[in-house]
Amino acid sequence: MIIVDTALKARAEAGKPIRVGMIGSGFMGRGIANQIINSVPGMELVAIANRNVAKAQRAYNEAGIEN
C-alpha cells in the first residue's frame, strides 16, 4: 500500500485528486464514503447514486459534509 499511498499523496499535493462516484449508500456505502472523505488524501467523493436521495445525503452528512 505504500506505493498507492505515495501516489495519492502526490495527487493531493498537485491538486488533482482521484474523483470517485459511488453507487449505493447503505451501511457499507456510508462507511466507504466516510473513509474517502475523512481518511484518504488524494481521493474526493464527488457523487453518490442511490434510489433514495435522502439516503445519499445521509452518507455525506454522516461523513461531515453538509448540503
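Student: Which residues does UniProt list for "domain: Gfo/Idh/MocA-like oxidoreductase N-terminal"?

Tutor: The unreviewed UniProt entry gives residues 18-66. Such positions are stated in the numbering used here, with feature names shortened, and annotations may be inferred rather than shown by experiment. Two notes before we go on. Residues are numbered from 1 along each chain as its sequence is written, and side-chain values use heavy atoms, with hydrogens and water left out. The model is predicted: local features need pLDDT of at least 70, side-chain atom pairs count only at pLDDT 80 or more, and totals for chains, interfaces and linings use all residues.

Student: What is the order of elements in the protein, from the N terminus on?

Tutor: They run α-β-α-β-α, which comes to 3 helices and 2 strands. Helices (H or I, at least four residues) and strands (E, at least two) are DSSP runs, numbered from the N terminus. Over residues 18-66, the chain is 47% helix and 27% strand, and the end C-alpha atoms are 21 Å apart.

Student: Why is Ala 14 called exposed?

Tutor: Buried means under 20% relative accessible area, exposed over 50%, and partly exposed in between (1.4 Å probe, protein chains only). Ala 14 has 53% relative accessibility, so it counts as exposed. This residue lies in helix 1 (residues 2-14), and its C-alpha atom is separated by 30 Å from that of Met 28, 14 residues apart along the chain.

Student: And what makes Arg 30 buried?

Tutor: Its relative accessible area is 16%, so by the same cut-offs it is buried. Arg 30 is found in helix 2. Leaving aside neighbours within four places in sequence, it is in contact (heavy atoms within 4.5 Å) with Ser 25, Arg 58, Ala 59 and Glu 62.

Student: Why is Ile 37 called partly exposed?

Tutor: Because its relative accessible area is 26%, Ile 37 falls between the buried and exposed limits. Its place is also in helix 2. Not counting residues up to four places away in sequence, Ile 37 touches Leu 45, Tyr 60, Ala 63 and Ile 65.

Student: How do you know that helix 2 and helix 3 are oblique to each other?

Tutor: They pack at an angle of about 40°, with axes 8 Å apart. Axes are lines fitted to C-alpha atoms, for helices over the stretch in contact, and angles run from 0 to 180 degrees between N-to-C directions. Angles under 35 degrees count as roughly parallel, over 145 as roughly antiparallel, 65 to 115 as roughly perpendicular and the rest as oblique. The angle of about 40° therefore makes the pair oblique. The contact is made by Arg 30, Ala 33, Asn 34 and Ile 37 of helix 2 and Arg 58, Ala 59, Tyr 60 and Glu 62 of helix 3.

Student: What makes a set of residues a nonpolar core, and which residues make up the largest one here?

Tutor: A nonpolar core is a set of buried Ala, Val, Leu, Ile, Met, Phe, Trp, Tyr and Cys residues joined through side-chain atoms within 4.5 Å. The largest has 9 residues in all: Val 20, Met 22, Ala 33, Ile 36, Leu 45, Ile 48, Ala 56, Ala 59 and Tyr 60. Strand 1 (18-23), helix 2 (27-39), strand 2 (43-49) and helix 3 (53-62) each supply at least two residues of this core, and the largest share, 3 residues, comes from helix 3.
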